[in-house]
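Hi there,

Here is the structure I promised to pass on to you. Have a look at it first, and my notes follow underneath.

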Amino acid sequence: MIKVISLLKFQLKVLSMYFKDSNWSKEKTKEFFFYILYYLMNICYYSFLCFAEYIFILKNKKLKEIDNKITDIYKNDNQFWVSLKEGYSIKTEKISNLTYGETSYLAIKYSLDFIKLNSQDVFYDLGCGTGKNVFFSNIVYNAKSIGIDLIKSFIDNANNIVKEFDLKNITFIRKSIFDADLNNGTVFYITPTCFDRDNLNKLFNKIKTLPKGSRLIVLSIEINLPELKKLGQKKLFYSWGLADTFYYQVV
Ligand SMILES: C[S@@+](CC[C@H](N)C(=O)[O-])C[C@H]1O[C@@H](n2cnc3c(N)ncnc32)[C@H](O)[C@@H]1O
């Protein structure tokens, strides 16, 4: 419920900013109702997602406690808002490349099962946001887990959770994913849905340097590189809707 209310607050903030300085016209009225309709549909979808996660995934006590903590941290300024607010001050990245969206626990569970994540693995979420996937891989699969993001609050808050819950084998680093040393990784997760052509090229070059044998989960973008063997593909649930998820092995 708190998650849904905080999304609603975010939508109202965005709506009020968008329409604040504009002169009202017939076109604007149409646009306004279109946004309201879109946001209402998004709220219904998001409520369904949160409910399904609560029933099927959040049975693990520790995971539930951490999820409650994340919800509490972002209940006023939610993660979508934090990303927008801090994203504008990052001069090295276009704001569109930092667009925030979240992987549901249902989706990350399917992906980590598919890729057979285990306790010997080192899991990286490249652009980890609040760190949900990183906590999930560490707690549920016992894998060493690392989250990287450019947004300072995401990294600081996640590191505070690590300390508070005394979690082991889990690290959050504030850095560009393109500058990070990924040599010890065995499973990589990346959501480049909104990357522009420059960043996609940087990503392809980074992928070419990943350790051989490691597995890669990529959202939305199918990648054809000789260094990658495709293992599968699946449509899964994300905070904005259904999206294709691609699985690869580095060869
Ligand atoms: C779509 S969100 C995904 C969040 C999380 N991985 C999930 O699946 O729920 C993408 C995240 O990547 C981060 N990001 C984008 N470009 C980045 C870069 N070059 N270096 C580090 N983080 C980046 C953004 O700040 C954002 O938090």
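**What I found**

Strands β1 (residues 122-126) and β4 (residues 187-190) run parallel and are joined by four bridges. Before going further, please keep in mind that this is a predicted model, where local features need pLDDT of at least 70, side-chain atom pairs count only at pLDDT 80 or more, and totals for chains, interfaces and linings use all residues. Residues are numbered from 1 along each chain as its sequence is written. Helices (H or I, at least four residues) and strands (E, at least two) are DSSP runs, numbered from the N terminus, and two strands pair if DSSP finds at least two bridges between them.

**The sheet**

Across the pair just mentioned, F123 stands opposite V187 in β4. On β2, β1 has a parallel partner too, joined to it by five bridges, and there V122 stands opposite K144. Four of the five residues of β1 are buried, so the strand is largely enclosed by the rest of the structure. Here "buried" means that 20 or more other C-beta atoms lie within 10 Å of a residue's own, "exposed" means 12 or fewer, and "partly exposed" is in between, with C-beta atoms placed from the backbone.

These strands belong to an open sheet of seven, with mixed pairing and the order β3-β2-β1-β4-β5-β7-β6. The edges are taken by β3 (170-174) and β6 (228-238), each with a single partner strand, so one side of each has no neighbour in the sheet. On average, neighbouring strands of this sheet are turned by 15° against each other, direction ignored.

**A buried aspartate**

One residue you may like to click on is D149, which lies in strand β2. D149 counts as buried because 25 other C-beta atoms lie within 10 Å. Which residues does D149 contact, leaving aside its neighbours within four places in sequence? They are G127, C128, G129, F154, I155 and R174, where "in contact" means that the C-beta atoms, placed from the backbone, lie within 7 Å. D149 and G131 are 18 residues apart in sequence, and their C-alpha atoms are 9.2 Å apart in space.

**Helices on the sheet**

Helix α7 (residues 152-164) lies across β2 (144-149) and β3, running at about 160° to β3. Helix α5 (residues 105-114) lies across β5 (215-219), β6 and β7 (241-250), running at about 160° to β6. For these angles, axes are lines fitted to C-alpha atoms, for helices over the stretch in contact, and the values run from 0 to 180 degrees between N-to-C directions.

In α5, the residues Y105, A107, I108, K109, S111 and L112 are buried. The buried residues of α5 pack against α2 (26-56), α6 (132-141), β5, β6 and β7. After α5 comes K116, with a positive phi near 55°.

**Helices on each other**

Two packed helices are described by the angle between their axes and the distance between the axes. For α5 and α6, the angle is about 55° and the axes are 11 Å apart. That makes α5 oblique to α6 (angles under 35 degrees count as roughly parallel, over 145 as roughly antiparallel, 65 to 115 as roughly perpendicular and the rest as oblique). Y105, I108 and L112 of α5 make the contact with N133, F136, S137 and Y141 of α6.

Helix α3 (residues 61-73) also packs with α6, at an angle of about 165° and with the axes 10 Å apart. The two helices α3 and α6 are therefore roughly antiparallel to each other. On the α3 side the residues are K62, L63, I66 and I70, and they meet K132, F135, F136, I139 and V140 in α6.

**Two loop residues**

Finally, compare two loop positions. N142 lies in the loop between α6 and β2, and D166 lies in the loop between α7 and β3. Phi is positive in N142, near 60°, and positive in D166, near 50°; each is a residue other than glycine. Are they buried or exposed? N142 counts as partly exposed because it has 15 C-beta neighbours inside 10 Å, whereas D166, with 6 C-beta neighbours inside 10 Å, counts as exposed.

Happy browsing, and do write back with any questions.

Best wishes

How values were computed: Contact = placed C-beta atoms within 7 Å.
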